[in-house]
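Let's take a walk through a protein together, starting from its inside and working outwards. Have the picture open while you read.

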Amino acid sequence: MSASELADAVADALAADGDAFRRRATEEARRLKAEIQSGTFDNTEALVGMELELYAVDDQTDALRRVPRQLLELIGFEAELGLHNAEMQTSPQPLNSHGLVAQRNELKASLLPAQQRLEREGIRLVADGMWTVPPNGETARDYLCDAVEQDGVWIAANMSDAVRYHTMANTDYPSAFELDAPHVSLEATTVMPESLITSIQPHYQIPHAPDLPEYFSYALRIAGPVLALGVNAPFFPPDLYDDAPDADIVADAHMENRVGVFESVLNPPEDDPTPPKVCFPPDFDTVEDAVDDIVADDTIVPTDLQSGTRFDDDFVHFRHKHGSYWRWVRPVFEGATRSAANARIEFRPLPAQPTVDDAIAFEALFAGLMETLPRLEHPVQSLEWETAKENFYAATREGLRADMEWITVDGATTTATDELYGELFELAREGLEQRGLSAEEAHQYIRPLRERVDRRRTPARWKHDYVRRRVEERVPLGEAIWGMQSTYIHRQRETMLDGSFVDWLE
């Protein structure tokens with residue numbers, strides 16, 4: 001699609017009647033709540049699923065690469081925000097030993113032929129929290145900010161041609177379109193800086209939809225500790241850093257900049273009174289409160305929509321609102337058919353991980369905890385919401401070194417890392433065994449994460465230690481970051497399908 005065609009499509013989207021859209025979404029939410037209470041969204045068992053985002057690099061230089069859209073379709077992946085992005089989703093599976101094996105095998109079955117096909121074009125897909133090497137001959141700043149104004153509409157040059165992405169840069173919602181991190185500053189005219197980051201998003205489907213608030217409250221309270229295990233984005237592309245000493249940039253680096261990127265690009269500036277859309281969400285007293293919170297959220301791109309053949313097309317405007325309901329933990333209500341209708345929790349703060357087994361470990365950990373915590377009525381539910389939020393943002397800064405507060409199964413408060421994670425892993429193991437996994441199977445899924453704690457080494461800490469050592473050896477920061485990235489990609493090539501991050505530490 002040409003820039004002029006995109007601009008015309010964006011202009012059409014912006015012409016939608018926002019008031020009419022909101023009325024339709026509100027009415028659909030009323031019907032949705034009635035369906036939830038009637039049991040339509042209940043299921044006989046818990047299901048799990050995952051979204052995996054990747055970025056493409058040049059197979060020889062490790063520099064970022066744009067992926068031709070036809071090639072992306074050929075390998076069966078979906079387009080994401082940037083031309084360098086690719087996304088896949090696993091099919092929902094029952095939470096049991098066969099379901100988790102199916103999740104792992106589906107990821108591997110999709111990635112292997114995709115990598116083989118892309119190799120012919122000199123391209124490799126990378127699972128990582130943030131890319132740091134821009135395309136050959138370009139700077140990251142230019143790549144992220146390259147945009148043209150066409151008939152009053154801003155079009156990003158390196159963004160996928162999905163109209164909704166480009167419309168987000170031209171609405172009344174006052175997104176800042178900037179990066180705000182230690183020693184980093186960038187201002188853009190579109191949401192393109194968000195394409196720096198990639199994630200995994202495990203899902204857990206709740207058996208009884210009205211129970212969602214209880215599960216959700218537990219998901220918020222484990223968000224900090226689980227994120228701290230997975231941090232994987234301590235550095236930006238070097239040309240985005242301000243003029244500061246290399247040692248200061250390294251010392252002040254956050255372990256998980258992905259959270260900050262998403263918030264600073266899409267939220268309003270701090271001095272704007274508009275509520276942020278990307279944030280740590282509130283607790284909900286009822287499932288209706290969760291639905292109402294989605295309805296009340298600011299709509300980025302109101303759209304005139306027609307119902308299709310899916311069951312949840314009866315809630316098509318509500319679902320459209322949900323698409324820009326950017327919370328770090330998010331309730332989801334959907335289903336292609338009435339029998340497939342489900343309520344689930346989407347866990348969104350995790351960056352992409354070094355290997356498939358690491359990603360599956362987080363899926364198993366999250367699902368196991370969702371099984372056990374509500375069943376035990378675990379006292380961590382009484383942890384103050386504000387403390388859970390503080391834990392979360394502490395995890396983005398310090399990873400496993402963060403001081404996080406936890407309430408143990410016997411009601412005691414602790415900030416001891418080993419005690420917190422010792423209980424967390426045991427609870428997850430119990431949850432998996434409750435779903436029919438053997439003790440050994442449950443242990444094997446969780447082991448890669450347990451060893452991260454035992455060694456106090458996350459992917460972010462591995463990256464940070466690499467760059468810190470090189471900078472201490474008086475290697476320029478840019479060279480140190482790119483050397484780290486090259487080593488990361490090389491090790492991932494060897495272990496992505498048949499190993500884990502722990503293998504990097506041997």
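What follows is a short tour of this predicted model, with stops at its cores, some strands, a pocket and a few single residues.

**The cores**

A good place to start is the greasy interior. In soluble globular proteins, nonpolar side chains tend to be buried together. Here the largest nonpolar core counts 164 residues. The ones with the most contacts inside that core are Phe77, Tyr204, Phe236, Phe333, Tyr421 and Val467. Pick Val467 and skip its neighbours within four places in sequence: Val467 then touches Phe235, Val250, Leu477, Ala480, Ile481 and Met484. Apart from this big core there is another one, made of five residues, including Leu6, Val10, Val153 and Ile155.

Which helix holds Val10? The answer is α1, which covers residues 3-14. Val10 counts as buried because its relative accessibility is 0%, and the cut-off for buried is under 20%. Setting aside neighbours within four places in sequence, the contacts of Val10 are Val153, Ile155, Val163, His166, Thr167 and Asn170. For a sense of distance, try Val10 and Ala402: they sit 392 residues apart in sequence, and their C-alpha atoms are 43 Å apart in space.

**A covered strand and its partners**

Now find strand β11, residues 342-347. How many of its six residues are buried? Six of the six are, and the strand is mostly covered. Look at which way the residues point: Asn342, Arg344 and Glu346 go one way, while Ala343, Ile345 and Phe347 go the other way, and all are buried.

Strand β11 has a pairing with β9 (residues 200-205), in the antiparallel sense and over three bridges. It also has one with β10 (residues 329-334), again antiparallel, over six bridges. Strand β10 is itself largely enclosed by the rest of the structure, because five of its six residues are buried.

Here are some of the bridge partners to look for:

| Residue | Bridge partner in β11 |
|---|---|
| Tyr204 | Ile345 |
| Pro331 | Ile345 |
| Arg330 | Glu346 |

Ile345 turns up as the partner of Tyr204 and also as the partner of Pro331. Tyr204 may ring a bell: it was among the residues with the most contacts inside the largest core.

**A pocket and the helix beside it**

Next, some empty space. Rolling a probe the size of a water molecule over the atoms shows where empty space is left. The second largest pocket holds about 580 Å³. It is lined by 23 residues, and Asp180, Gly260, Glu263, Ser264 and Glu270 are the closest to its centre. Sorted by class, the lining has nine nonpolar, seven polar and seven charged residues.

Where does that lining come from? β7 (178-181), α9 (257-266) and α13 (385-398) each give at least two residues. Which of them has the largest share? That would be α9, with five residues.

So how much of α9 is hidden away? Nine of its ten residues are buried, so the helix is largely enclosed by the rest of the structure. Among the buried ones are Val259, Phe262, Glu263 and Leu266. The cover over the buried residues of α9 includes β7, α7 (212-230) and α13.

**Three loop residues**

Finish with a few spots in the loops. Asp272 is in the loop between α9 and α10 (287-296). Is Asp272 buried or partly exposed? It is partly exposed, because its relative accessible area is 25%. Its C-alpha atom lies 9.5 Å from that of Ala176, although the two are 96 residues apart along the chain.

Phe177 is in the loop between α6 (163-167) and β7. Its phi is positive, about 55 degrees, although Phe177 is not a glycine. With a relative accessible area of 10%, Phe177 is buried.

His183 is in the loop between β7 and β8 (184-187). Its phi is also a positive value, near 65 degrees, in a residue other than glycine. His183 counts as partly exposed because its relative accessibility is 24%.

Terms used: Residues are numbered from 1 along each chain as its sequence is written. This is a predicted model: local features need pLDDT of at least 70, side-chain atom pairs count only at pLDDT 80 or more; totals for chains, interfaces and linings use all residues. Side-chain values use heavy atoms; hydrogens and water are left out. A nonpolar core is a set of buried Ala, Val, Leu, Ile, Met, Phe, Trp, Tyr and Cys residues joined through side-chain atoms within 4.5 Å. Buried means under 20% relative accessible area, exposed over 50%, partly exposed in between (1.4 Å probe, protein chains only). Contact means heavy atoms within 4.5 Å. Helices (H or I, at least four residues) and strands (E, at least two) are DSSP runs, numbered from the N terminus. Two strands pair if DSSP finds at least two bridges between them. On a 1 Å grid over the protein atoms alone, a cavity is a set of points where a 1.4 Å probe fits but cannot get out, and a pocket is an open set with protein on both sides within 12 Å along at least five of seven lines; lining residues have an atom within 4 Å of a point. Grid points are joined across faces, edges and corners, and a volume is the space filled by probe spheres set on the points. Ala, Val, Leu, Ile, Met, Phe, Trp, Tyr, Cys and Pro count as nonpolar, Asp, Glu, Lys and Arg as charged, and the others, Gly among them, as polar.
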